[in-house]
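Trainee: Can we go through this one together? I'd like to start broad and then look at the rings.
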Amino acid sequence: MNSTVSINNLSKSYGDVSALKEINLNIKSGELFGLIGPDGAGKTTLFRLLATLLLPDSGSAALCGFEMVKEYRHIRNILGYMPGKFSLYQDLTVLENLNFFATVFNTRIEDNMDMIRDIWVQIEPFKDRPAGKLSGGMKQKLALCCALIHQPKILLLDEPTTGVDAVSRSEFWQMLKGLKSKGITIVVATPYMDEANLCERVALMQSGEILSLDSPSGIIASFEKDLYSFEAKDTYQLLLNLRAYPFVNSVFLFGQSVHYTDVRDDFVLSDLKDYLKSKGQDHVEIKQIAAGIEDCFMALSQQNTVQK
Amino acid sequence: MKRFIGFLKKEFYHIFRDKRSMLILFGMPIVQLLLFGFVITNDLKDVKMAVVDHSKDEYTSEIINKITSSGYFKLVKSLDGIAQVDELFRKGETKLVLVFEPDFGKNFIKGSKASVQILTDASEPNMASLEVNYLQGILQNYNLEINRGKIVPSQISTQTRMYFNPNMESVYMFVPGIMATILMLVSAMMTSISIAREKEMGTMEILLVSPLRPLQIILGKVTPYLFLSFINALVIVGMGYFVFGVPVLGSFALLMAESLLFILMALSLGIFISTVSDSQQVAMMLSMFALMLPTILLSGFIFPLRNMPVPLQIISHIIPPRWFIIIIKNIMLKGSGFEFVWKETLILIGMTAGFIGLSVKKFKIRLE
């Protein structure tokens with residue numbers, strides 16, 4: 001079976017707000033695909049459209065070859081969907097939840113143990129606990145189990161790691177890698193740029209548009225400018241000073257440091273140092289660094305805004 | 001079928017694990033019935049009254065005796081004059097004053113015509129007119145007794161018999177009314193809330209993405225409440241019969257069949273409400289205001305419909321409990337068969353079909 005997702009010119013708007021603007025996207029069978037973008041980029045809307053929960057304004061999409069609007073019944077049989085908000089029955093225990101979803105799909109837990117075993121062993125100790133009383137990471141693992149219980153061909157995960165601690169996050173991604181090896185096409189939406197590196201291909205999204213579509217390394221490679229990281233005592237003042245610099249191309253705050261690119265290709269770092277010194281900032285640490293996905297996203301999103 | 005049973009199991013877990021649902025389901029019918037049956041009663045008992053006796057003769061004291069021995073009234077004060085009445089009523093304890101004219105006895109015997117005056121506190125109009133009626137009844141009885149054996153020229157003597165409720169027990173009226181209210185509440189409110197909860201918690205999203213059909217979801221939601229409401233109907237009729245002595249004169253099977261029909265109607269109304277509300281709050285408010293108040297006020301449960309202004313009477317026609325109350329009163333109190341209630345039954349069937357049609361049409365297979 002060819003578990004592809006192909007999206008053609010898909011648009012969706014809520015009243016005056018257009019949430020998706022003519023999206024085109026092809027996801028290969030068995031791919032671990034990431035939709036990366038901030039809140040409001042249109043990730044959830046895209047997922048709900050693919051999950052046949054919303055109707056598009058225009059355009060079309062097909063999952064496993066089934067047309068999204070007309071053949072929605074078929075899609076609902078082969079799709080595993082995990083909404084962004086924890087959507088299991090909080091008053092039911094872990095086991096009862098899993099049992100319920102198994103019966104809904106006309107199957108049994110035992111028949112699908114192979115699929116969920118790796119995840120199930122982690123939550124099994126809590127199987128008699130009400131789902132509402134689980135920790136954030138456990139909830140997500142249970143939700144993933146419930147979404148997998150019917151052996152879906154395509155798995156849509158909407159921000160599965162939001163609100164989950166760092167350890168559980170990496171465990172979660174480990175599980176996705178394991179699932180991928182079973183041949184499921186997995187589409188993950190996440191606002192965390194660092195998770196992009198864990199996907200095979202990613203689409204960077206903003207304001208309902210796809211800014212870039214490539215493998216994480218491809219996206220990073222497309223970052224053409226030299227990137228510098230600045231660190232100073234007064235980070236905020238540093239940011240203001242760099243913004244006021246006449247040759248600034250982009251400057252963004254990254255935690256304790258400031259990432260900077262210059263408009264000139266052949267620019268000399270000492271000029272900038274002198275400039276900062278003249279502004280009274282003597283002790284600035286400057287390093288040239290390799291760009292990350294987030295830098296790429298920032299650059300693309302800036303480019304996108306300028307074009308408009 | 002396995003899917004359906006799985007769904008049912010889940011619904012029962014929800015109901016039995018939620019204390020609030022359990023309380024509404026099983027606590028409320030019993031509490032309401034006891035409350036209406038024992039506490040809120042329109043029957044007179046020991047109404048405090050005072051007397052202004054300007055005559056003070058054997059007739060007046062005999063009349064006062066008759067009144068106090070009836071059990072309906074209790075003499076608490078003897079006043080010297082009319083002037084004190086105003087103050088007495090303002091204090092609020094005493095509701096009724098009986099005034100005998102001077103020389104009451106003499107006039108009664110010689111002139112064969114004596115007057116008493118009844119003064120009452122009409123700030124509670126229904127009770128006031130009820131008290132006056134009872135008091136007049138006692139006076140009339142006394143009159144008859146005195147005149148027994150004498151030839152009284154052309155007098156109409158009335159003999160009253162209260163059909164279907166000989167002792168005028170108000171609980172006869174409350175049991176059908178409470179049955180309608182409770183079934184409406186449990187069925188409509190609980191289903192609408194439980195569907196709205198799935199929407200609110202986001203679980204509806206998952207149910208929709210699953211291969212479950214809308215009809216399967218609706219049936220799964222409705223069946224537990226159909227079952228529980230039916231138990232409630234049995235409990236109410238049973239309590240009415242064993243605790244309050246409200247009879248079921250007609251066919252018990254017919255009564256239960258009509259109750260089932262009404263429950264179905266309320267359930268379909270509940271589903272309809274849930275299709276237009278996105279949160280439990282909205283569903284609850286809609287059920288409370290759109291169902292509870294009309295059920296209590298406009299169904300003829302407490303307030304007689306024929307005394308209402310015409311617009312309200314017209315509105316009352318679309319209030320389903322109105323028809324259900326007519327049906328169960330007929331069956332329980334009058335022992336009527338189906339031939340007397342088929343019209344009302346037909347109306348309920350029509351309403352049920354209407355609501356089911358509307359809900360199926362409005363139930364969304366998607367999120368919008």
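Mentor: We will take chain A overall, then the aromatic residues and the charges over them. Keep in mind that this is a predicted model.

Trainee: How many helices and strands are there in chain A?
Mentor: Chain A has 10 helices and 14 strands. Its C-alpha trace spans about 70 × 45 × 35 Å along the principal axes.

Trainee: What percentage of its residues count as buried?
Mentor: 53% of the 308 residues of chain A. The accessible surface of the chain is about 13600 Å², and carbon and sulfur atoms account for 49% of that.

Trainee: And the charges, how far apart are the mean positions of positive and negative in chain A?
Mentor: They are 4 Å apart, for 31 positive and 37 negative charges.

Trainee: Switching to rings. How many aromatic pairs does the search find?
Mentor: It finds 17 over all chains. In one of them, A:Phe100 and A:Phe101 have ring centres 5.2 Å apart. Their planes are at 70°, so the pair counts as edge-to-face, the cut-off being over 60 degrees.

Trainee: Are those two buried or exposed?
Mentor: A:Phe100 and A:Phe101 are both buried.

Trainee: Which residues do ring pairs link into a cluster with them?
Mentor: A:Tyr89 and B:Phe7.

Trainee: What lies over the face of A:Phe100?
Mentor: B:Lys10 does, at 5.2 Å from the ring centre.

Trainee: Now chain B. Where does the charged end of B:Arg322 sit?
Mentor: Over the ring of B:Trp323, 4.7 Å from its centre.

Methods
Residues are numbered from 1 along each chain as its sequence is written. Chains are lettered from A and ligands numbered from 1 in the order in which they are written. This is a predicted model: local features need pLDDT of at least 70, side-chain atom pairs count only at pLDDT 80 or more; totals for chains, interfaces and linings use all residues. Side-chain values use heavy atoms; hydrogens and water are left out. Helices (H or I, at least four residues) and strands (E, at least two) are DSSP runs, numbered from the N terminus. Buried means under 20% relative accessible area, exposed over 50%, partly exposed in between (1.4 Å probe, protein chains only). Accessible areas come from the Shrake-Rupley method with a 1.4 Å probe; for residues, only the protein chains shown count as cover. Lys and Arg count as positive and Asp and Glu as negative; His and the chain ends are not counted. The place of a charge is taken as NZ of Lys, CZ of Arg, CG of Asp or CD of Glu. Rings of Phe, Tyr and Trp (its six-membered ring) pair if their centres lie within 6.5 Å; planes under 30 degrees apart count as stacked, over 60 as edge-to-face and the rest as tilted. A charge sits over a ring if NZ of Lys or CZ of Arg is within 6 Å of the ring centre and within 35 degrees of the ring normal.
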